[in-house]
Amino acid sequence: ESMLARRKAAGTLPRRPIGCGVPLEQESPKFRAALLANFDFLCLPMPWRKLAAEPGRYQWGLLDGWAEWITRHRVPVMAGPVISFDPRLAPEWLSHGRGSFDKLRDSVYEHTETVVTRYRNVVTAWNVVSGLHLNHHFNLNFEQILELTRMCTMLVKKIQPVAKVLVEIREPFGEYYSFHQRSIPPLIYADLVVQSAANFDGFVIRFLMGRATPGQSTRDLMQVSGLLDQFLALGKPVHVVAAAPSLVLPEEATTPSARMFEPGAGYWRHKRHPLLALGAEAWRLYRARAFR
């Protein structure tokens with residue numbers, strides 16, 4: 001708090017430092033009033049999967065409702081990610097063209113153009129692409145990953161030149177690279193994007209911590225600070241997206257890779273958490289069950 005006060009006094013604190021992500025389905029007036037009262041800007045998700053469950057057929061209802069409210073209250077907005085191949089965000093039909101990069105590139109171009117054109121008068125900053133460097137869901141090479149990144153950033157700048165264009169880095173500590181060699185380590189990807197002459201304004205670094213899944217193990221502030229310094233050395237502004245640690249129990253981690261994590265270090269300690277009520281013997285049995 002004292003450091004923030006010092007930065008504010010020196011004029012080095014961003015004009016709008018703290019934002020909040022919003023669930024599209026939440027339309028409560030009390031919820032929206034709380035957003036206006038407590039945050040400087042909003043992060044508006046644009047999940048491709050919900051917007052276009054079928055090719056070319058868009059459902060704009062939820063986003064249009066938020067856009068109208070945002071315009072009326074003049075709330076600054078960071079929107080996106082527009083393009084993410086995470087199965088929770090990408091439509092199922094996109095994988096049907098998995099063998100053709102040309103089809104994938106055309107779909108990405110058309111979707112980016114459609115979304116950005118529709119909301120260019122509402123959004124002030126675009127989180128354009130997210131996690132392409134993970135390369136988990138499409139068999140892309142380095143050049144194709146960079147081509148998609150460069151194409152999307154340039155397209156947004158063409159449609160809305162005054163908007164901030166951001167590239168999101170997921171799993172920034174890069175553990176995924178140890179078991180997926182066709183991915184790109186996060187710092188190398190960021191450096192390649194900078195060197196590729198992509199027209200963008202900064203990085204979004206997404207920290208998801210406190211869950212027993214790969215890439216989401218808990219880190220201390222020194223590790224986070226050191227990593228951010230490495231990204232800042234690339235000469236682009238950095239925006240941090242941090243998710244609160246979850247209450248997910250180790251037993252809910254069902255994949256073999258997730259069971260590698262220590263149960264006592266993979267989730268947030270809550271005063272009502274059942275583990276706090278377990279005795280030593282019960283904890284031993286719990287641990288054995290979590291790692292069986």
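A salt bridge here is a side-chain nitrogen of Lys or Arg within 4 Å of a carboxyl oxygen of Asp or Glu. The model is predicted, so local features need pLDDT of at least 70 and side-chain atom pairs count only at pLDDT 80 or more, while totals for chains, interfaces and linings use all residues. Residues are numbered from 1 along each chain as its sequence is written, and side-chain values use heavy atoms, with hydrogens and water left out.

**Exercise 1.** Find the salt-bridge partner of Asp86 and say where the two residues lie.

*Solution.*
1. Asp86 pairs with Arg170, and their closest N and O atoms are 3.2 Å apart.
2. Asp86 sits in the loop between strand E4 (83-84) and H5, whereas Arg170 belongs to strand E6 (residues 164-170), 84 residues away. Helices (H or I, at least four residues) and strands (E, at least two) are DSSP runs, numbered from the N terminus.
3. Asp86 is buried at 7% relative accessible area, and Arg170 is buried at 13%. Buried means under 20% relative accessible area, exposed over 50%, and partly exposed in between (1.4 Å probe, protein chains only).
4. Let's widen the view: Asp86, Arg88 and Arg170 are linked in a salt-bridge network, and the whole structure has 12 salt bridges.

**Exercise 2.** Work out which parts of the chain the salt bridge between Arg118 and Asp64 ties together.

*Solution.*
1. The closest N and O atoms of Arg118 and Asp64 are 2.7 Å apart.
2. Arg118 lies in helix H5 (residues 101-119) and Asp64 in helix H4, so the bridge joins parts 54 residues apart in sequence.
3. Arg118 is partly exposed at 40%, and so is Asp64 at 28%.

**Exercise 3.** Classify the ring pair of Trp66 and Trp69, then look for a charge over the ring of Trp66.

*Solution.*
1. Start with the rule: rings of Phe, Tyr and Trp (its six-membered ring) pair if their centres lie within 6.5 Å; planes under 30 degrees apart are stacked, over 60 edge-to-face and the rest tilted. The count by this rule is 8 aromatic pairs.
2. The centres of Trp66 and Trp69 are 5.6 Å apart with planes at 85 degrees, so the pair is edge-to-face.
3. The two residues are 3 apart in helix H4 (residues 61-73), about one helical turn.
4. Trp66 is buried at 0%, and Trp69 is buried at 5%.
5. The charged end of Arg32 sits over the ring of Trp66, 4.1 Å from its centre (NZ of Lys or CZ of Arg within 6 Å of the ring centre and within 35 degrees of the ring normal).
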